[in-house]
Structure formats: structure tokens, C-alpha cells
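Biologist: I have just opened this model and would like your help in reading it. Please start with the overall picture and then take me to one part in detail.

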Amino acid sequence: LFLMLGPMPVQTTSITKLCKTSTIVTVNGMYPGPTIYAREDDRVIVKVTNLTPYNLSIHWHGVRQRLTCWFDGPAYITQCPIQAGQSFTYKFTLLNQRGTLFWHAHISWLRATVHGPLIIYPKQGGSYPFQTPFQEHVIVLGEYWLQDIQELEKHVKDSGGAPPGSDAYIFNGHPGPLHNCSKSDVYSVDVTKRKTYLLRIINTALNMEHFFGVANHSMTVVEADGEYTKPFNTSFLMLTPGQTYNVLITADQPNGKYYMAMAPYMPAKRVPFLNKTSYAILNYIESSKLDSLSPIESNMSVQKSSPERSLVPYKPILPCVNDSDSVQAFTGQIRSLHPNEHWSPIDVPLKIDKSLFFAIGLNVFSCSSSDPDKCQGPNGGVFAASVNNITFKRPMVSLLNAYYNNLEGYYTADFPDKPEKMYDFVNEAPNNIGVDTQPVIGTQVSVLEYGWTVQVIFQDTGTIGTENHPIHLHGFSFYLLGSGIGNFNSTTAALNLYDPPYRNTVGVPAAGWAVIRFRADNPGVWFMHCHLEVHTTWGLSMAFLVKDGKGKMQTLPPPPPDHPFC
Ligand code: C2O
């Protein structure tokens, strides 16, 4: 099947939120951007035209891009940016993929406003491995800044400090009733009593992990990052930026209005953030006379323009802002659904060809400027971040282009398999600014032979205080074998080789670890990075270079003729 979409013009749009009118970058003038609907195995063709004055590229987050690395989207990794006035047509197949994914800008901090859902339904005639919902709703969680996002990014780079928190957390572009000037800027979902709904929830937030819950309603998780899971019930979700969940929810409560909430999850202490909950509304509409309401109540429930008047004062009970135990308990319940006709079998690699240990975390550079405004990081330094003590520097041409055309001098193929020194990463991190905390800047890739099975142990380091790192891998989904708090210990870590979830983004816990495995069977250059945008800016990223295999179906085809140049 061919799915011709677009053109997708990216443009600047004026928007008024929280009492202030600003100019933001949008797709089709929409914030969040338009939803792409497709079916499993569809071919997607999107012509992106850049009508903004900025450089641009679009990434299809979670799409595995089998043999289509050229269309993956991260700027300076698989393509040069689409320059102002230029177009690029992305073409790829949603091969054996399903569920809730999303697309977003993958350059500077434009993802803040340039993002939208990518919904992949089962094949024609196919069905979900769970009860067919009465209706589906897509809920895009995000963060909104009143400040111009390009200026914000520039300020963070210039100052060496942490970015300020956002001004509101938002549901499908709506801050909800409790912010300044936003009483009627509320996202509301209508439900009918006794019906079951599928909520497709996406966290697109720039720099914040989020809890999500619905007052008085339990949720049944059925999918994570576009792969089916064994259903389990929960009162809350925790979504890192880059993660998606599908949940079933049944309207089994008395008629009324119930808050949906999103609240920050932030165990780190060093960084400023907005510690405020945002709300949307689950609104029961009367389905029949049998659901008897008093006339006043039913009148109120159809007055959507003033939702605050008839709110039931129920708010969901979410974990505290730093409650890592609850998060671990939640993520520990996520398991792949067992093989059946609905998707590919669980195929956890049992033998490992390449074993990697990545120490990930924040660091500080000593500040080379005498201007205190430029030294706003910890202890008068400049914030940085690293993987195995290497702060990633983006090259001047795309890595894929440099690799494919044998251009020399843009990267080296020596990304270390493990840190130079192994120590107690969580507790004994050196905090001698300018000595051990100072990483090396470089553009290095880790080279993988086609078909290798790869294990990566991620270990958060406490160098500048610990923090969560939602690590996202392009080009693959991986099995998440386990995660925990503290230093990784191979003798005590319980790894699930039986039914681990198959994901594209793992929340590596603050002061903790996570273990993933994947099969390097997709040639190209694949970015791996923290999906907290500021951490990527600081350098918490690296790239894998997967070599061609022997057969035609194992070889990366040449670039498309309209591939953007630098
Ligand atoms: Cu969703 Cu590299 O990103």
C-alpha cells in the first residue's frame, strides 16, 4: 500500500497561550502537528517543505527504517538539514510495525513545537490482541515555553547553565484550567458510560519526564513504544520524553467530569523545573435516559465552554515528583505479549557478539571565559554530558554521508566499549571540577558488523549529581532486559530473557542502570541519545555504524537524489 501524504509545510505561526502571543514553528500551522494515520507495512511518503528561516529535519521516532537510513532524519547524523526554502521527501515503510509512534523535528530545540503523532493500525482485516475499543483518542503530552525556543537554546549554550523550566505542561496543546489565562484552554475527551476507550499517549516534552493518570479510573497498559505488552492495570504511567503507551480505560464511574493529570517526575536536584501539575478532562456524556442524571447535571455536562463550573473535584493521585520506587515498580511490570498471530515472535538474543558498558551522565567543563554570565554551570563551570566520558560533537557533514562516501576527517571509528576507569559510579564519582569530571569532546562511532547481537549496559554516573536519562536508539527496537537503582552488578541484576519489553526508549534511572540487547541487522549510522533535549545539547549522545551484510537485503541503498547537502 502507498500512503501519499503532504506536502508537509513547516512554517512559523503566531499562537496565543497563557496570555502571551508568540511566534512558533509549526507544521501545517498546527500545534501539535497533524496526525499521520497508517497501517502496518504501509509505505509512507512525506514531502517536507521548509518555509521557515531555520534549518530543519524531521525524524520518525520509533520507525525502524529498515534499509532506509537516509530517511531517518537526525540532522548531521543521517542527513544535512533541509535549508530555508528547500524540500526533502521522506520515504520509508512501516515494516512489521504498529501502534503509537510520533514524528518530530530533529535539529536544535524545534521539537518543542514541531511534533505530531504517527498512528499505525493493524493491517487491513487485522485486529488488536485486546478488546476492540469503542473509540480511540491520541493524547500528546508536551511542554510549552513563553520564551522563543531558539533563543532559549541559545541562552543555554551561551550561559553554560541549565535551562529554566517550561511555563506549562500541556495536553494536545492545551495547558488546562489551572494556569494563567488558560481557564478555557482545556483538552477534554467525551466518553460514554460503560464504553471502553483506547488512549494513545505520547510524551513529546523537551526536557521532562511525566506521570500521567485519570482520576478514579484504572488504566490497562496494552502497548509500549509501539509494541504490544501483556495487559496490566495501573493507576498511573510514567512516560519519558520519547516514550508512548497505549492504555484501555473503561468509563465505569458515576457520570461527571474527571481530571486527567500530567505531573513532572524529577529525582535530580541540580536543575530548575516547573513543579506543577496540568489537567485535562474526561467528560462523561449521557448515552441514554437509563444513565439517569439530574437535569442540572446533564446540562452542565454538555457545557464544554466552561468546564471549570462543573468539575468534580477529583484529581488523580500520582506519585511524588521524585518517587523512583513507584517508577521502578511501574516499569518492572511491562512485558512483551507472547507470540501470536499479531506480531513477530520474541527473539531475545541469547549469545552476545558485542558487549558494551556505557557510563552516561552530566559533567562540567571548567569555564574558559572571564565573563561570569558564560559560566553559569555548577561551581562556575559549564554544563556538559557524556557517554564513556566523551561529549559528542556533531560533525560538519552528516555521518552517514561521510561513511557512505568515505569522506575523511569527520569522525573516528573508535568509540570505547567501556569507560576508561570502572569505579563506584553512583557514590564515588569524582567531583573535582576540571579534572576527572571534564570529558573529552569528540565525534566517535561504535562500529558493528552486520547481524551482531549487541548488549549495552547503561550506568548513570553521579559526577554532577545523578539524573534520569531516557536513552533512545534510532534504527532499532531493543529488548529491555532489566533496570535498577545503584551500580550495575552482573551477579545480582535480574535480567528478563523470557518476555522483556521491546522498546525504542529506556528510562535509565537516576543513580541506576539498564540493560538492553538488539540485533544490528540494519546497515547505516544510527544515533543514540538522551531524549531530554538539553542533555543531547550538552553531548549525551553517540552513534552506531552498522556495516553492510553480504546480501542485497543487507546492503544500504544509495542516497535519494534530493537528499539535502550541507
Ligand atoms: Cu525522538 Cu533522536 O529522537
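What radius of gyration does the protein chain have, and what would a compact globule with 566 residues have? After that, please give me a close look at the open sheet formed by 6 strands.

Modeller: Happy to. First, two notes on reading it. This is a predicted model, in which local features need pLDDT of at least 70 and side-chain atom pairs count only at pLDDT 80 or more, while totals for chains, interfaces and linings use all residues. Residues are numbered from 1 along each chain as its sequence is written.

To your question: the protein chain has a radius of gyration of 23 Å, which agrees with the value near 24 Å for a compact globule with 566 residues. That radius is taken over C-alpha atoms, and the globule rule is 2.2 Å times the number of residues to the power 0.38. Along its principal axes, the C-alpha trace spans about 75 × 55 × 55 Å. Of the 566 residues, 52% count as buried, a term that asks for 20 or more other C-beta atoms within 10 Å of a residue's own; 12 or fewer make it exposed, anything in between partly exposed, and C-beta atoms are placed from the backbone. The chain has 5 helices and 32 strands; these are DSSP runs numbered from the N terminus, helices (H or I) with at least four residues and strands (E) with at least two.

Now to your sheet. Its strands run in the order E10-E9-E12-E17-E14-E15, with mixed pairing; two strands pair if DSSP finds at least two bridges between them. Strand E10 (168-171) and strand E15 (227-234) are the edges, each pairing on one side only. From one strand to the next the twist averages 25°, with axes fitted as lines to C-alpha atoms and angles running from 0 to 180 degrees between N-to-C directions. Strands of a sheet pair through backbone hydrogen bonds, either parallel or antiparallel.

Further in, strand E12 (residues 196-203) pairs with strand E17 (residues 244-250) in the antiparallel sense, over 7 bridges. Tyrosine 197 has isoleucine 249 in E17 as its bridge partner. Tyrosine 197 also leads us to glutamine 135: their C-alpha atoms are 5.2 Å apart, although 62 residues separate them along the chain. Glutamine 135 belongs to strand E9 (residues 135-144). Glutamine 135 counts as partly exposed because 13 other C-beta atoms lie within 10 Å.

The edge strand E15 takes us on to the neighbouring domain. The chain is divided into domain 1 (1-126), domain 2 (128-334) and domain 3 (354-554), with bounds from an automatic or database domain assignment. The centres of domain 2 and domain 3, over C-alpha atoms, are 30 Å apart. Their contact takes 28 residues from domain 2 and 33 residues from domain 3, where contact puts the C-beta atoms of two residues, placed from the backbone, within 7 Å. On the domain 2 side, E15, helix H1 (149-159) and helix H3 (324-331) each supply at least two residues. H1 gives the most, with 5 residues. This side of domain 2 divides into 9 nonpolar, 11 polar and 8 charged residues; Ala, Val, Leu, Ile, Met, Phe, Trp, Tyr, Cys and Pro count as nonpolar, Asp, Glu, Lys and Arg as charged, and the others, Gly among them, as polar.
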